[in-house]
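Start with the strands, then turn to the ligand. Keep the sequence at hand while reading.

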Amino acid sequence: MKRALVTGGAGLIGSHLADLLVREGWTVRVLDNLEPQTHRRGKPDWINKHVEFVEGDLRDRETISAALDKIDVVFHEAAYGGYMPEIAKYVHVNSFGTAQMLEVIREKKLSIQKIIVASSQAVYSEGAGICPNHGLVFPPVRPIQQLRKGDWQVHCPICGAITKSAPTPENAPVGGETVYGLTKVDQEKLVLLWGKQMGIPAVALRYSCTYGPRQSIFDRNFLHPVAQQFAAGSLRRRRTDPRLFVCRGHRAREFARRRNGQAR
Ligand SMILES: NC(=O)c1ccc[n+]([C@@H]2O[C@H](COP(=O)([O-])OP(=O)(O)OC[C@H]3O[C@@H](n4cnc5c(N)ncnc54)[C@H](O)[C@@H]3O)[C@@H](O)[C@H]2O)c1
Ligand SMILES: [Zn+2]
């Protein structure tokens with residue numbers, strides 16, 4: 001039987017993942033500090049009765065060391081998310097928290113067999129576009145001056161032509177245009193680099209616009225009102241495909257509904 005640690009396992013993605021692991025016969029430990037911005041009503045009642053729930057902050061060295069004890073696979077879902085002005089907190093929770101966890105595993109020679117870290121589409125800027133003249137391009141974030149003029153299009157960085165949105169390939173440049181995005185880059189690079197150095201398999205999954213039951217109603221995601229509508233199923237009742245939300249009639253954005261540990 002495999003033993004998993006799910007950091008952030010009280011949250012949207014982590015709690016569904018914990019449920020799935022329990023169903024598949026894993027022994028699951030959840031480490032979550034019940035971040036007050038997310039869990040304003042305290043410990044949620046959806047935490048699986050069959051997991052070992054540890055309320056604690058992954059930034060605390062003792063806490064993360066104890067949480068990693070006798071674990072085979074780490075699913076690192078805990079993060080401070082959204083678009084808040086607390087620069088230091090993002091870096092402390094996401095970047096430092098991840099770095100310290102990796103350091104503890106090495107220092108204590110823990111027999112972790114694999115690490116899966118939750119990264120984000122936030123590591124990209126505008127994603128990929130197809131320019132009629134230059135093919136696949138990766139435009140920078142639209143300048144505020146352009147948006148003020150009511151021009152919502154994503155233009156080619158070479159010739160300025162309007163691009164057509166295209167699936168963003170994994171090898172697209174990563175940067176991070178927000179502090180949150182920067183720390184997601186940190187998290188995935190730290191985990192992947194460390195995994196390579198240590199010979200431990202490591203995976204970074206770049207989630208995008210995930211929503212569903214258990215999503216915090218205090219979510220700081222700027223898409224929150226729309227995601228909430230999806231979560232409530234109201235758009236589905238209106239027979240709108242809940243996975244697609246058309247923005248200003250030009251661009252489409254895809255949402256992943258999280259339930260039973262899978263995106264649907
Ligand atoms: N939901 C999305 O659309 C989305 C998109 C891209 C990436 N992600 C990433 O996926 C992961 C899970 O996201 P989610 O939507 O489930 O978020 P969530 O806020 O619902 O869950 C995150 C959990 O982490 C916990 N946490 C925060 N700081 C902690 C700390 N210092 N110590 C211990 N626990 C802490 C919170 O209490 C919360 O329960 C995050 O890493 C997030 O960056 C989410
Ligand atoms: Zn072009």
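The text below goes through the strand pairing, the crossover and the shell around the ligand. The model is predicted.

Take strand β2 as the starting point. It covers residues 27-32. Five of its six residues are buried, so β2 is largely enclosed by the rest of the structure. Here a residue counts as buried if 20 or more other C-beta atoms lie within 10 Å of its own.

β2 pairs with β1, residues 3-7. The two strands run parallel, and five bridges join them. One contact to look up is V6, whose bridge partner in β2 is V30. Between these strands the chain passes through helix α1, residues 12-23. This β-α-β crossover is right-handed.

β2 also pairs with β3, residues 52-55. This pairing is parallel too, with four bridges. L31 has V54 as its bridge partner in β3.

Now move to ligand 1. Which residues come nearest? Among the 31 residues around ligand 1, they are G8, G11, L12, A79 and A118. Four elements each give two or more residues to this shell: α1, β2, α3 (87-107) and β5 (114-120). The helix of the crossover, α1, gives the most, with three residues. β2 thus appears twice in this account: as a strand bridged to β1, and as a contributor to the shell around ligand 1.

What is the shell made of, by residue class? It divides into 13 nonpolar, 13 polar and five charged residues.

Note on methods: Residues are numbered from 1 along each chain as its sequence is written. Chains are lettered from A and ligands numbered from 1 in the order in which they are written. This is a predicted model: local features need pLDDT of at least 70, side-chain atom pairs count only at pLDDT 80 or more; totals for chains, interfaces and linings use all residues. A residue is buried if 20 or more other C-beta atoms lie within 10 Å of its own, exposed if 12 or fewer, and partly exposed in between; C-beta atoms are placed from the backbone. Two strands pair if DSSP finds at least two bridges between them. A crossover is right-handed if, with the strands pointing away from the viewer, the path from the first strand over the helix to the second runs clockwise. A residue is near a molecule or strand if its C-beta atom, placed from the backbone, lies within 6 Å of it. Ala, Val, Leu, Ile, Met, Phe, Trp, Tyr, Cys and Pro count as nonpolar, Asp, Glu, Lys and Arg as charged, and the others, Gly among them, as polar.
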